[in-house]
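Please study the structure shown below before attempting the exercises. Each exercise gives a task and then a solution in steps.

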Amino acid sequence: MPPIKKLEKDKKKPIKAPVVEVPKKKVKAAPELLRGFRDILPEEQPRWDLVQDTVRQLADAYSFGRVELPILERTELFIRTVGKQTDIVEKEMYAFEDAAGEKVALRPEATASIARTYINHGMLNLPQPVKLWYWGPMFRHDRPQAGRYRQFNQFGFEVIGVEDPIVDAQLIIIATQLFRDLGIDVTIQINSIGTPEMRQAYLAELVSYFRPYRSQLSDDDKRRLQKNPLRILDSKDPAVQELLAGAPQIIDWLSEPAKQHFMKVLEFLDEMEVPYVLNPHLVRGLDYYTHTVFEIWEAGDEGEHAQNALGGGGRYDQLIEILGGRPETPACGFAVGVERVVKALAQRGIANEAKNKPKVFFAQLGDAARRSGLRIFEDFRKQGISVAEAFGKSALKAQLEVANKLDVDLTLILGQKEVLDGTIIIRDMELGAQEIVDSSKIVELVKKRLDKKAGIVEEPLPVIGPSAP
Ligand code: AMP
């Protein structure tokens, strides 16, 4: 034990606070989005909702069942179906090895997965056709540009198990109807590319047609001509497009039944007055297509080539077999790019506002009012009325400013006094008029006022007989 004297001496010494170094916060920039990826913010949602609601309604009307497919699949699935020599598989796939060394890929499209699902779940034993639809993100490491992202969303409709041309026609009718419902005028670009067997002779002819012009072709097109000549028809190079005008057309190489099949599709479309354009250069960029191929273009976009098609699809009669399913399982389908549809809606000013945009604002003064507010929110929620608030603000003026910005019809004001009296104030934001009402009837009263503002009037009672004189 130290001597007492020393302790007392120590006591008198002023104690110096230790100097603690507070590390300075480094200001770091938030990580930026990856190129080609985007956030879809609340203000864009009304359009997304409109598209999804419309798709869902059509899917129900035509009895398509929804499938939710995984985003990650075996890379092999796409190599075997989309094709090794396609842009998607060759250049654009997000493919990697997972921790277990499995070769996997973020799906670049969903038709291959749909075919896999059909086989994996023994759907060939169900009544045919099997009609499925899907919605979800796809990934392609493409060069980002307007309307072209690295993560984008597609929905698609697929009909598996029936070869009849009426299936192709009905899918095209559904696609056209969908855009009509959305208020976007479209035309269908359509072609038939037969089967790989029929294409052989045609491709030889196509290659020999381009041989004298080889020196004029870009490296990309030269490579296409060598590895996947059909893709030359898809070239964006204006010089090639000019040359294509004199090139052999695939339709002349189709077998008689294949021609008949295509003619039947067109007849059905004529019957339903679906606007289409025969496009002998339309081939689509995926290997699995056979016979009918089509794209959905915005009306008036015809001159711009397929750069910004809203959607595309076609028949894929050999896909199920390629994946090891039952041979001769015909199928047809289409996919639409949601981002492009949403953009077309925005350009037309369609669905600018949320359907459930709050029409009521709740302003509170004091703690008791906030507490009551929580219950009031619940009451409104049960009636499906959405209510906005600014709980972070305490002054009435500041809260009313928010209400004004949100452009609500009514503001409810609850202060200490009203809580004690069991009342609440309703302020009509347009007229600036206020009234004090019984707080237990608030939901009912607000509903009536909103209906009145929306021009919904209660039906008068039906007159049963002549009124008494
Ligand atoms: P595809 O089967 O490649 O023709 O794709 C069908 C539809 O998906 C296209 O018509 C586009 O609307 C959409 N789509 C395809 N690739 C992209 C992309 N990179 N970014 C946005 N939408 C895309």
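The exercises below concern a predicted model and treat its ligand, its pockets, its cavity and two points of its backbone.

**Exercise 1. The surroundings of the ligand**

Determine how many residues surround the ligand, and how they divide by class.

Solution. Step one is to collect the residues with a heavy atom within 4 Å of the ligand. There are 13 such residues, and R140, Y149, Q154, R284 and L310 are the closest. Step two is to sort this shell by class: five residues are nonpolar, four are polar and four are charged.

**Exercise 2. Polar atoms beside the ligand**

Identify protein atoms that lie 2.9 Å or 3.3 Å from an oxygen atom of the ligand, and state whether they belong to a side chain or to the backbone.

Solution. Begin with Q154, where a polar side-chain atom lies 2.9 Å from an oxygen atom of the ligand. Next take L310: here a backbone N or O atom is 2.9 Å from a ligand oxygen. Finally, G337 places a backbone N or O atom 3.3 Å from an oxygen atom of the ligand. As for the ligand's surface, 480 Å² is exposed when the ligand is taken alone, and the protein buries 91% of that.

**Exercise 3. The site that holds the ligand**

In which pocket does the ligand sit, and which elements give two or more residues to the shell around the ligand?

Solution. The ligand is located in the largest pocket. Two or more residues of the ligand's shell come from each of strand 6 (151–160) and strand 11 (331–337).

The next step is to describe the pocket itself. The largest pocket contains about 1,200 Å³ of space. Its lining consists of 49 residues, with E92, R140, D142, R148 and K236 nearest the centre. R140 thus appears both among the residues closest to the ligand and among those nearest the centre of the largest pocket.

Now consider the elements. At least two lining residues are supplied by each of helix 4 (87–92), strand 6, helix 8 (219–227), strand 10 (311–315), strand 11 and helix 12 (338–347). Strand 11 gives the most, namely five residues. By class, the lining of the largest pocket has 16 nonpolar, 13 polar and 20 charged residues.

**Exercise 4. The second largest pocket**

Describe the space in the second largest pocket and the residues that line it.

Solution. The space in the second largest pocket is about 240 Å³. It is lined by 14 residues, and P196, R199, L203, N228 and L230 are the closest to its centre. Sorted by class, this lining comprises seven nonpolar, two polar and five charged residues.

**Exercise 5. The cavity**

How many cavities of 30 Å³ or more does a search of the whole structure find, and which residues line the largest cavity?

Solution. The search finds one cavity of 30 Å³ or more. The volume of the largest cavity is about 90 Å³. Its lining is formed by Q85, D87, E90, K91, D220, R223, R224, K227, N228 and R231. Helix 4 and helix 8 are the elements that give two or more residues to this lining, and helix 8 gives the most, with four residues. The lining of the largest cavity has no nonpolar, two polar and eight charged residues.

**Exercise 6. Two backbone features**

Locate the cis peptide bond between Q128 and P129, and the positive phi of E273, with respect to helices and strands.

Solution. First, recall that most residues other than glycine have a negative phi, and most peptide bonds are trans. The bond from Q128 to P129 is cis, with omega near 0 degrees. P129 belongs to the loop between helix 5 (111–120) and strand 5 (130–139). Turning to E273, its phi is positive, at about 55 degrees, although it is not a glycine. E273 lies in the loop between helix 10 (256–271) and strand 8 (276–278).

Key:
Residues numbered from 1 in each chain as written. Predicted model: local features only at pLDDT ≥ 70, side-chain atom pairs only at ≥ 80, totals over all residues. Heavy atoms only, no water. Polar contact = N/O pair within 3.5 Å; in protein donor to acceptor, adjacent residues only side chain to side chain. Areas by Shrake-Rupley, 256 points an atom, 1.4 Å probe, with all protein chains shown as cover. 1 Å grid on protein atoms, 1.4 Å probe; cavity = no way out; pocket = protein on both sides within 12 Å on 5 of 7 lines; lining within 4 Å. Sits in = over half its atoms within 2 Å of the grid points. Nonpolar A, V, L, I, M, F, W, Y, C, P; charged D, E, K, R; others polar. Points joined across faces, edges and corners; volume = space filled by probe spheres on them.
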